[in-house]
Amino acid sequence: MVCGKINKDKIDLLKKIFLMNRNKKTVWVFGNPDLETDSLPLHLAEHLALDLPNIEFKTKDPLEEWDDMPQDELIILDTIINISGIKIFDKIEDFSLAPSLTMHDFDLLSQLNFLKKLGKLPPKIKIVGLGPTIDEKEALEKLKSIFLSL
């Protein structure tokens with residue numbers, strides 16, 4: 001129940017905010033802040049969040065529960081070893097698993113494969129991979145264009 005007069009401008013503004021948030025894409029960002037070769041996605045996400053307000057960048061840990069899994073499409077930003085520049089992958093089968101000897105070897109790809117076997121991945125997946133040696137400024141400009149087109 002609402003007391004008082006409802007302002008039409010406020011209703012229009014709330015509708016606009018609702019529609020913006022409903023259409024807002026989310027990018028899950030992975031990386032290790034303690035490793036220079038794996039910290040770039042985390043650093044870039046801070047800049048991208050400012051430049052691309054219609055995209056939410058969420059820092060994730062590959063070994064934690066992902067209870068907020070998107071239903072339609074999962075977009076990931078991460079460092080990918082053995083590539084240069086930036087490359088977009090649309091299936092996890094494009095990657096090869098490293099040998100796992102202990103649970104310490106369980107990584108993002110292991111988690112994605114596990115969730116796929118359980119049927120818990122959304123139907124579409126995009127992995128935006130950064131080569132570990134890409135220039136930060138170059139990566140930032142290219143990523144802006146990529147995320148606007150996804």
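Start with the second largest pocket: select L63, E64, E65, W66, M69, Q111, F114, L115, L118 and K120, and you have its lining on screen. This is a predicted model, and the volume of that pocket comes out at about 210 Å³. Color the lining by residue class and you'll get six nonpolar residues, one polar and three charged.

Keep Q111 and L115 from that lining selected, then extend to helix α3, residues 108-117. Buried here are L108, L109, S110, Q111, L112 and L115. As a reminder, residues three or four places apart on an α-helix point the same way, because there are 3.6 residues to a turn. What sits over the buried residues of α3? Show β3 and β5 (124-130), which are part of the cover. Just past the end of α3, click on G119 and check its backbone: phi is positive there, about 75°.

Now zoom out for a moment. Four helices and five strands make up the protein, and reading from the N terminus you pass α-β-α-β-β-β-α-β-α. Of its 150 residues, 34% count as buried. If you draw the contacts with a separation of 6 or more, 79% of them join residues 24 or more positions apart.

Next, the inside. The largest nonpolar core has 20 residues, and the ones to select are L48, F57, L77, L143 and F147, which touch the most other members. Turn on β1 (25-29), α2 (40-51), β2, β3, β5 and α4 (136-149) as well, since each supplies at least two residues of this core. There is also a second, separate core of 18 residues; M69, I76, I92 and I127 are among its members. You've met M69 already, in the pocket lining.

Back in the largest core, center on F57. Which residues does F57 touch, if you skip those up to four places away in sequence? They are V27, V29, A45, L48, A49, L52 and F147.

Then jump to L143, in helix α4. L143 counts as buried because its relative accessibility is 0%, and the cut-off is under 20%. Leaving out residues up to four places away in sequence, show its contacts: L44, L48, L77, I86, V128 and L130. For a distance to draw, try the C-alpha atoms of L143 and A45: they are 9.6 Å apart, with the two positions 98 residues apart along the chain.

From there, move to T79 in strand β3. Is T79 buried or exposed? Buried, because 13% relative accessibility falls under the 20% cut-off. Its side chain makes a polar contact with the side chain of D38, at 3.3 Å. Setting aside neighbours within four places in sequence, T79 is in contact with T37, D38, P41, L130 and P132. L130 is worth leaving on display, as it also touches L143.

Last stop: K60, in the loop between β2 (55-59) and β3 (73-79). Why does this lysine count as buried? Because its relative accessible area is 15%, and under 20% is what buried takes. Show side chains and look for the polar contact between K60 and D68, at 2.7 Å. Besides D68, and apart from neighbours within four places in sequence, K60 is in contact with W28, V29 and F30. V29 ties this stop to an earlier one, since F57 touches V29 too.

Definitions and conventions
Residues numbered from 1 in each chain as written. Predicted model: local features only at pLDDT ≥ 70, side-chain atom pairs only at ≥ 80, totals over all residues. Heavy atoms only, no water. Buried < 20%, exposed > 50% of the residue type's maximum accessible area, 1.4 Å probe, protein only. Polar contact = N/O pair within 3.5 Å; in protein donor to acceptor, adjacent residues only side chain to side chain. Contact = heavy atoms within 4.5 Å. 1 Å grid on protein atoms, 1.4 Å probe; cavity = no way out; pocket = protein on both sides within 12 Å on 5 of 7 lines; lining within 4 Å. Points joined across faces, edges and corners; volume = space filled by probe spheres on them. Nonpolar A, V, L, I, M, F, W, Y, C, P; charged D, E, K, R; others polar. Core = buried A, V, L, I, M, F, W, Y, C linked by side-chain atoms within 4.5 Å.
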